[in-house]
Amino acid sequence: MTTSGPPDPEAAAAPGPLPGCDVHGYAIVSADGMIADRDGAMPAALRNEADWVYFQAQLDLADLVLLGRKSHELAPNPRRRRRLVASASVASLEERLDAWWWNPAAMPLRRVLATLLPGGGRVAVPGGQGVFDMLVALAAFDHFHLACATGVRLPQGLPIFSDLARGATAASVLARAGLSPRRVVTLDPVAPVAPVVLTLWERAITLPTGERRPS
Ligand SMILES: NC(=O)c1ccc[n+]([C@@H]2O[C@H](COP(=O)([O-])OP(=O)(O)OC[C@H]3O[C@@H](n4cnc5c(N)ncnc54)[C@H](OP(=O)(O)O)[C@@H]3O)[C@@H](O)[C@H]2O)c1
């Protein structure tokens, strides 16, 4: 099934939280902010059992999982979670046997979510970089679950956000996207060489009084 819509009104592309949806990003990075090595592959050093268990339990809570085409192809989907795959190879929004496929240049995320989650819901976003960049630019993340393998460095690897190549850090990008670190949990105190630590970033809501507090 292919879905397209009327011309995009400005509102559909406007940045900011997506009405009715709770958007959660997930990544495990090296200490220098990389999600993959210099070949674009996820090395064994970035795989951690405690992080994997946490991540899978979180995906079970999601109504939709939004990911890039390569991540979709690399990660089997034995639990048949409902996936939305970003790819420039499709015309707009298309339902296939394995997932919904979506071209972000052809249809705004707001409209996609209004189509797939008309009653709203929880959206999990496990990357990779192009999808993370897009949601940061849209200020669409409400939460980001950022695990760090503190003993791993991946020089010339693939950064979580492309801005890391221009001197930013994962923390500075998330802060610019309106998120603040709220909780730090040690997922694995020893890992192979050093702890894996999860920082939960969350959006602050602005009250009618102008006061800001965590959502
Ligand atoms: N450590 C972690 O937490 C983590 C998280 C995610 C991925 N990874 C690893 O990172 C590697 C892959 O990451 P990646 O960033 O290269 O790949 P990716 O985001 O999974 O896939 C990239 C592809 O997704 C599509 N895409 C992404 N953003 C798009 C946009 N804004 N508009 C249109 N299409 C878009 C494009 O597909 P088309 O080419 O079809 O147009 C692009 O080539 C893998 O090794 C994976 O295991 C690690």
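Modeller: Two residues are in contact if their C-beta atoms, placed from the backbone, lie within 7 Å. This is a predicted model: local features need pLDDT of at least 70, side-chain atom pairs count only at pLDDT 80 or more, and totals for chains, interfaces and linings use all residues. Residues are numbered from 1 along each chain as its sequence is written.

Biologist: Which residues does S87 touch, leaving out those up to four places away in sequence?

Modeller: S87 sits in the loop between β5 (83-86) and β6 (93-95). Helices (H or I, at least four residues) and strands (E, at least two) are DSSP runs, numbered from the N terminus. Beyond four places in sequence, S87 touches R69, W101 and N103.

Biologist: Is S87 buried, exposed or partly exposed?

Modeller: A residue is buried if 20 or more other C-beta atoms lie within 10 Å of its own, exposed if 12 or fewer, and partly exposed in between, with C-beta atoms placed from the backbone. S87 has 17 C-beta neighbours inside 10 Å, so it counts as partly exposed.

Biologist: What is the average pLDDT of the protein chain?

Modeller: pLDDT is the predictor's confidence in each residue, from 0 to 100. In the protein chain, 87% of the residues score at least 70, and the average is 91.

Biologist: And where is the pLDDT below 50?

Modeller: One stretch has 2 contacts in the model beyond near neighbours in sequence. Its pLDDT is below 50, and it covers residues 6-11.

Biologist: Which residues come nearest to the ligand?

Modeller: There are 27 residues around the ligand, a residue being near if its C-beta atom, placed from the backbone, lies within 6 Å. Elements that each supply at least two of the shell include β4 (64-68), α3 (69-74) and β8 (121-127). The nearest residues are G68, S71, G127, G128 and G130.

Biologist: Which two residues does a cis peptide bond join?

Modeller: Most peptide bonds are trans. Here one bond has an omega of about 5 degrees. One partner, G128, is in the loop between β8 and α5 (129-137). The cis bond joins G127 and G128.

Biologist: Why do the buried residues of α5 line one face of the helix, and within what arc do they fall?

Modeller: The buried residues are Q129, V131, F132, L135 and V136. The arc is taken from the directions from the helix axis to the C-beta atoms. Seen down the axis of α5, these residues line one face because they fall within an arc of 165 degrees.

Biologist: Which residue follows α5 with a positive phi?

Modeller: Most residues other than glycine have a negative phi. The residue here has a phi near 50 degrees and follows α5. Its place is the loop between α5 and β9 (143-149). The residue is A139.

Biologist: Is Q156 buried or exposed?

Modeller: Q156 lies in the loop between β9 and β10 (158-159). Its phi is also positive, near 60 degrees. With 10 other C-beta atoms within 10 Å, Q156 is exposed.

Biologist: Which element gives the largest share of the largest nonpolar core?

Modeller: A nonpolar core is a set of buried Ala, Val, Leu, Ile, Met, Phe, Trp, Tyr and Cys residues joined through C-beta atoms within 7 Å. The largest has 62 residues, and V29, L66 and V123 are among those touching the most other members. The largest share, 6 residues, comes from β2.

Biologist: How many residues of helix α4 are buried?

Modeller: α4 spans residues 109-116 and is mostly covered. L109, V112 and L116 are among its buried residues. Of its 8 residues, the number buried is 6.
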